[in-house]
Each structure stands twice: as C-alpha cells, then as structure tokens.
Amino acid sequence: MWPYPRTLAHRGGGTLAPENTLAALRCGLAYGYRAVEFDVMLAADGVPVVVHDVALGRTVAGRGAVSDHTAAQLGAMEAGAWFGPAFAGEGVPTFAAVVEYCRAQRIWMNIEIKPAPGCDAATGEAVARATRGYFAQEIAAGESLPLLSSFSIAALQAAREAAPELARGWLVEAIPADWLETAKELGVVAIHCDHQQLTPALALEVKGEGLGLFCYTVNSPERASDLLAWGVDGFCTDRIDLIKPV
Ligand code: G3P
Ligand code: MG
C-alpha cells in the first residue's frame, strides 16, 4: 500500500539548505536523498511555485503575500540568503523547474499542495493538471508517479477531479476520529500525519484498512525506527545528515 520511498527530504533538503529551493534539492541529493517533499502554491499569475509560507518575509526577502506576486517576480526574489551567504541568489523556483530537476536526477516527489487562503480548489486543480502534463509519458506507460498531498480537503477534491489517475495522500496533524470515512470519500491512498500525534494502536488501525501511513517530520533515527516498527510506511525528515536515506 506504499509503493514509494521510505525516507524523504523535507522541503527538498531539510534544514541543511534553504527550504523549497533548487539548492535544497541539490543538497538532498548530495546526502543521497532521491525522494523529496516540497510545497506548491499559486503565484498571482496562476503559475505554481515552490514555497511554504503564504507571506513573504521569513524565507523570501519581500513583503506581502506570495499570491500578490507573479512567478517571475518571485523567481527574482532572494530565497537563499536568509539561510547563509553561500545560498544568496536562490529565487523562489517554479513548480516546473523543480519537477524538471527532479526528473533529470531521478528524484521521486511528494508534492504538497499548499493553497493560499481562498485558493484551495484552484491550487489543487492547477497542481494536478500541471503534474499530469509533466508525467504524461509515465501515465501512459503505467510507470511510477509522484504522490500529491494536502491538508486542504477542497484542494484534494479538485486535484482528483482534474487528474484522477494521480494518487493523493491526506495530510492531518492528529488522525481524526472519522479518518476512515473521510479517507474513503476522498479516495486517498495514504494518510500523512504528525508523528507526535500518532500512537501504535492508530498506526495498526490505518494499516489494517490497507492505507499507506506517512509521518512528518521525523528528525531522530531512534524515533524513525520506532515509527517503522509500528507499521509506518514512510516519513520526511529535516535531518538528512542524521537519517540515512532508504
Ligand atoms: O508534507 C508534510 C509536511 O511538509 C507538512 O507540513 O508545514 O512542513 O508543509 P509543512
Ligand atoms: Mg510540506
């Protein structure tokens, strides 16, 4: 029920490089990570870009919202210098550029749909459509595809309508009481939860229903072993230096 890699570099390169940049992907690869998670949001012109926060200011030098700027404007913004001078000049990459890099390097992707407020369906639809376009060959050949995921139910529903052939994971913090019903309604293949909210009993229940179980964000090798022993299928980590990729 989890035909995907077990260990993913969170936001491209974990906390060893500026998150959600091409430099992060290069860093992940340098540590042997050929599987990544990253976040995708829509720019003002509707182009999907790879960034986590709705607001500029933390990782991207600028003011206002991501969704107030075009992809070209975001690409020209400074998204690396906050992490260190060696990374100065990294911009906010487009989703297209990140997919191109990952495909070229044979890096598997968990694409998190991260809608700005009020843009849930539009983001889910745009990301799914774009992914379907990039992976047309693999879809036709029945080959391995990326996994979409989102905390947003509306985004997951829109992604399903736009590209039903792309598998989806449902992101939650704690697994809610009605998880099975909701997972069935959404037609997701996996539940992605905060590992700190998971119990062995819940893990057993989820796995017993044949769903994939993915955890974020696991930063110690000991915790990773415990979770895998509970039946967790995969996880993302910020500590790509401490946890060896599988
Ligand atoms: O996809 C797992 C994880 O990335 C979800 O939380 O806030 O880091 O995007 P966040
Ligand atoms: Mg994420």
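Where does Arg11 lie? Keep that in mind while you look around; this is a predicted model, and here are my notes on it.

1. **Arg11 and its loop.** To settle the opening question, Arg11 lies in the loop between strand 1 (7-9) and helix 1 (22-30). Have a look at its backbone: phi is positive, about 55°, although Arg11 is not a glycine. With a relative accessible area of 17%, Arg11 is buried. The cut-off you need here is 20%, since buried means under 20% relative accessible area.

2. **Two loop neighbours to check.** Glu19 lies in the loop between strand 1 and helix 1, and Asn20 has its place in the loop between strand 1 and helix 1 as well. Asn20 has a phi near 55°, again a positive value in a residue other than glycine. Asn20 counts as buried, at 4% relative accessibility. Glu19 counts as buried too, at 11% relative accessibility.

3. **What Glu19 holds on to.** Which side chains does the side chain of Glu19 make a polar contact with? One of them belongs to Arg11, at 3.0 Å. Another is the side chain of Arg58, and that polar contact is 2.6 Å. So if you click on Glu19 in the viewer, look for both arginine side chains.

4. **Who surrounds ligand 1.** Arg11 turns up again here, because the residues around ligand 1 are His10, Arg11, Glu37, Asp39, His52, Glu112, Lys114, Phe151, Leu171 and Tyr216. Sorted by class, that shell has five charged residues, three nonpolar and two polar. It's a good exercise to find each one in the picture yourself.

5. **Polar atoms facing ligand 1.** Start with Glu37: an N or O atom in its side chain is 2.6 Å from an oxygen atom of ligand 1. For Lys114, the distance from a side-chain N or O atom to an oxygen atom of ligand 1 is 2.7 Å. Asp39 has a polar side-chain atom 3.1 Å from an oxygen atom of ligand 1. As for cover, ligand 1 taken alone exposes 290 Å², and the protein buries 90% of that.

6. **The magnesium ion.** Glu37 and Asp39 have a second role to note in this model, as they are protein donors of the magnesium ion (ligand 2), together with Glu112. The donor atoms are OE of Glu37, OD of Asp39 and OE of Glu112, and they lie 2.0 to 2.2 Å from the ion. In sequence, the donor residues are spaced E-x1-D-x72-E. Asp39 is in strand 2 (residues 35-42) and Glu112 is in strand 4 (residues 108-113), so this pair ties together parts that are 73 residues apart in sequence. Both Asp39 and Glu112 are buried.

7. **Cysteines.** How many disulfides does a search of the whole structure find? The count is zero. Take Cys27, which is in no disulfide: the nearest cysteine sulfur is that of Cys102, 13 Å away. Cys27 counts as buried, at 13% relative accessibility. Then there's Cys215, whose sulfur has its closest cysteine sulfur in Cys193, at 4.0 Å. Why is there no bond between Cys215 and Cys193? The 4.0 Å between the sulfurs is too far, because a disulfide is a pair of cysteine sulfur atoms within 2.5 Å. Cys215 counts as buried, at 0% relative accessibility.

8. **A cis peptide bond.** Move along to the peptide bond from Tyr216 to Thr217, which is cis, with omega near -25°. Tyr216 is one of the residues around ligand 1. Thr217 has its place in the loop between strand 8 (212-216) and helix 9 (221-230). At 18% relative accessibility, Thr217 counts as buried. If you'd like a distance to try out, Thr217 and Ala76 are 29 Å apart in space, C-alpha to C-alpha, and 141 residues apart in sequence.

9. **His69.** Is His69 buried or exposed? His69 counts as buried, at 16% relative accessibility. You'll find His69 in the loop between strand 3 (48-50) and helix 2 (71-75). A polar atom of the His69 side chain lies 2.9 Å from the backbone oxygen of Ala65.

Technical notes:
Residues are numbered from 1 along each chain as its sequence is written. Chains are lettered from A and ligands numbered from 1 in the order in which they are written. This is a predicted model: local features need pLDDT of at least 70, side-chain atom pairs count only at pLDDT 80 or more; totals for chains, interfaces and linings use all residues. Side-chain values use heavy atoms; hydrogens and water are left out. A residue is near a molecule or strand if one of its heavy atoms lies within 4 Å of it. A polar contact is a pair of N or O atoms within 3.5 Å; within protein, one must be able to donate a hydrogen and the other to accept it, and residues adjacent in sequence count only if both atoms are side-chain atoms. Accessible areas come from the Shrake-Rupley method with a 1.4 Å probe; for residues, only the protein chains shown count as cover. Ala, Val, Leu, Ile, Met, Phe, Trp, Tyr, Cys and Pro count as nonpolar, Asp, Glu, Lys and Arg as charged, and the others, Gly among them, as polar. Buried means under 20% relative accessible area, exposed over 50%, partly exposed in between (1.4 Å probe, protein chains only). Donors are N, O and S atoms within 2.8 Å of the metal (3.2 Å for Na, K and Ca); water is not among the atoms, so sites may look incomplete. Helices (H or I, at least four residues) and strands (E, at least two) are DSSP runs, numbered from the N terminus.
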